[in-house]
Number of protein chains: 2
Amino acid sequence: MPRYKLTLEYDGGPFVGWQRQANGLSVQEALEDAIFAFCGERPNAFAAGRTDAGVHALGQVVHVDLLREAEPDTVRNAVNYHLKPHPVAVLRVEIVGEDFHARFSAKWRAYRYRILARRAPLTIDRRHVWLVTVPLDDAAMREGAAHLVGHHDFTSFRSSICQAASPMKTLDLLEIERRGEAIEIRAKARSFLHHQVRNMVGTLKLVGEGKWTPADVARALAARDRSAAGPTAPPDGLYLTEVGY
Amino acid sequence: MPRYKLTLEYDGGPFVGWQRQANGLSVQEALEDAIFAFCGERPNAFAAGRTDAGVHALGQVVHVDLLREAEPDTVRNAVNYHLKPHPVAVLRVEIVGEDFHARFSAKWRAYRYRILARRAPLTIDRRHVWLVTVPLDDAAMREGAAHLVGHHDFTSFRSSICQAASPMKTLDLLEIERRGEAIEIRAKARSFLHHQVRNMVGTLKLVGEGKWTPADVARALAARDRSAAGPTAPPDGLYLTEVGY
């Protein structure tokens, strides 16, 4: 029974998130339905990151076990055919050993968060970036972000429904790059708490607009209290970009 | 009667093009309706580039004459408010002299054409790039493009309904840049013939996939015959990026 590793790209906009739910179409359900249409099997698809509603992926990794043995390219093309018209695409398929687990074997996850700081409404990037209508000081945001890198108790940046056993995480990277009105925040860690990236971005936005100083980020982190940090940034700007094994 | 210069961004997807037409909503109509909602006037909006159906703009320039005198930022915010829910945004407004004409004063136009060369279908970039499902040799495309730069008779790259008086144009720049599976073609000229960029891109794609040699582009140009060049690339990947005055 071969195990297939699938690398997925998707537009999170029309979905209730990665995970199958009763209240609407998930990416998982769309993928499992396409696999069923291809080979008549209904495997459980395991993903590296359970992206929330509206969150996008450029490199989500999923594994499935199928009785059917097929060439990786055949699986990719057939599943993509049956995924239409959903905005989900299988970029690559590899056959992996049965010790490979998309979620538990992952050594790191990388996310990107896109902000557009301008007064004018969104057109082409609608639902794909966070529109912030005030100017942002990216240097101050960078200074604030530096306080979050490293091994910390991230309780202040953790959603109240987070199921992780511990709030201790090591944030390997939190970079901020500006190109004109566009600000991109890149985060990398072995794993993240629920809403951690969006809560860090929502906090750094307060620094960028001058409501908070960079040092306030350190104080929010030290408080170990969700109400001490900033609001959750919208899902629109968040992309799961890569998973390392 | 002040003349306002508006810089626009839009997603061309839902429109019949820039120009007002009986068969559907144009960007011009959406803009003129929003201006009417703002000030009760129905000016004629003149654009630097009459983009076709499905073609996008990051920096289209338009001018309108209004009786109403208002601060540029007030005009921008009010027109943007009334443009909702259309994917059109006024990025900037400036008050200009009555000798300024968006179309006739333009010294150059710059376009960008985005290709994604991969087997997997589009998700996030759907309707915003041209998906080419075969690998493309960007070095060969660059060599082919070099034959088009300069002052030439572009009859081979001109749509049959082009209204320009002459097929002679000076193409100042035709650059090709690859980043992974993404290929971006940038073109700059004082002005372009109808479909010129899309016809050049459709031809360079033949070179990229190896069906044509770079030298075939020079032969197509020399033929001065539309049927000698490649097909018209789809509008999805084309962006009017900037207009210079």
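**Exercise 1. Locate Pro85(B) in chain B of this predicted model, then describe the peptide bond that leads into Pro85(B).**

Solution.
- Step 1: place the residue. Pro85(B) sits in a loop of chain B, after helix H2 (72-83) and before strand E4 (88-96).
- Step 2: check the bond. Lys84(B) and Pro85(B) are linked by a cis peptide bond, with omega near 5 degrees.
- Step 3: turn to chain A. There, the bond joining Lys84(A) and Pro85(A) is cis, and omega is about 5 degrees.
- Step 4: place Pro85(A). This proline lies in the loop between helix H2 (72-83) and strand E4 (88-96) of chain A.

**Exercise 2. Which sign does phi have at His195(B), and is the residue buried, exposed or partly exposed?**

Solution.
- Step 1: read the backbone angle. His195(B) is not a glycine, yet its phi is positive, about 70 degrees.
- Step 2: place it. His195(B) belongs to the loop that runs between strand E9 (182-189) and helix H4 (196-208) of chain B.
- Step 3: classify it. Partly exposed covers the range between under 20% and over 50%. His195(B) has 22% relative accessibility, so it counts as partly exposed.

**Exercise 3. Describe Arg224(A) by phi, by location and by accessibility.**

Solution.
- Step 1: phi. Arg224(A) has a positive value of about 50 degrees, although it is not a glycine.
- Step 2: location. The residue is in the loop between helix H5 (214-223) and strand E10 (238-244) of chain A.
- Step 3: accessibility. The cut-off for exposed is over 50%. Arg224(A) has a relative accessible area of 55%, so it is exposed.

**Exercise 4. Build up the surroundings of Tyr111(A), which UniProt annotates as "binding site" in an unreviewed entry.**

Solution.
- Step 1: find the element. Tyr111(A) is part of strand E5 (residues 108-117) of chain A.
- Step 2: judge burial. Buried means under 20% relative accessible area. Tyr111(A) is at 12%, so it counts as buried.
- Step 3: list contacts, leaving aside neighbours within four places in sequence. Tyr111(A) touches Gly49(A). Further contacts are Ile185(A), Arg186(A), Ala187(A), Phe192(A) and Val197(A). Leu238(A), Tyr239(A), Leu240(A) and Thr241(A) are also in contact with Tyr111(A).

**Exercise 5. Which residues of chain A does UniProt list for "domain: Pseudouridine synthase I TruA alpha/beta", and what is the helix and strand content of each span?**

Solution.
- Step 1: take the ranges. The unreviewed UniProt entry lists residues 9-104 and 145-245 of chain A.
- Step 2: residues 9-104. This span is 26% helix and 24% strand, and its end C-alpha atoms lie 20 Å apart.
- Step 3: residues 145-245. Here the content is 25% helix and 31% strand, with the end C-alpha atoms 26 Å apart.

**Exercise 6. Why does the radius of gyration of chain A agree with that of a compact globule, and what do the other chain totals give?**

Solution.
- Step 1: compare radii. A compact globule of 245 residues would have a radius of gyration near 18 Å; chain A has 19 Å, which agrees.
- Step 2: add the box. Along the principal axes, the C-alpha atoms of chain A fill roughly 55 × 40 × 30 Å.
- Step 3: count elements. Chain A has 5 helices and 10 strands.
- Step 4: check burial. Of its 245 residues, 55% count as buried.
- Step 5: check contact range. Among contacts with a separation of 6 or more in chain A, 69% come from residues 24 or more positions apart.
- Step 6: read the surface. The accessible surface of chain A is about 10,700 Å², and carbon and sulfur atoms hold 49% of that.
- Step 7: place the charges. Chain A has 32 positive and 29 negative charges, and their mean positions are 3 Å apart.

Key: Residues are numbered from 1 along each chain as its sequence is written. Chains are lettered from A and ligands numbered from 1 in the order in which they are written. This is a predicted model: local features need pLDDT of at least 70, side-chain atom pairs count only at pLDDT 80 or more; totals for chains, interfaces and linings use all residues. Side-chain values use heavy atoms; hydrogens and water are left out. Helices (H or I, at least four residues) and strands (E, at least two) are DSSP runs, numbered from the N terminus. The radius of gyration is taken over C-alpha atoms; the globule rule is 2.2 Å times the number of residues to the power 0.38. Buried means under 20% relative accessible area, exposed over 50%, partly exposed in between (1.4 Å probe, protein chains only). Contact means heavy atoms within 4.5 Å. Accessible areas come from the Shrake-Rupley method with a 1.4 Å probe; for residues, only the protein chains shown count as cover. Lys and Arg count as positive and Asp and Glu as negative; His and the chain ends are not counted. The place of a charge is taken as NZ of Lys, CZ of Arg, CG of Asp or CD of Glu. UniProt positions are given in the numbering used here, feature names are shortened, and annotations may be inferred rather than shown by experiment.
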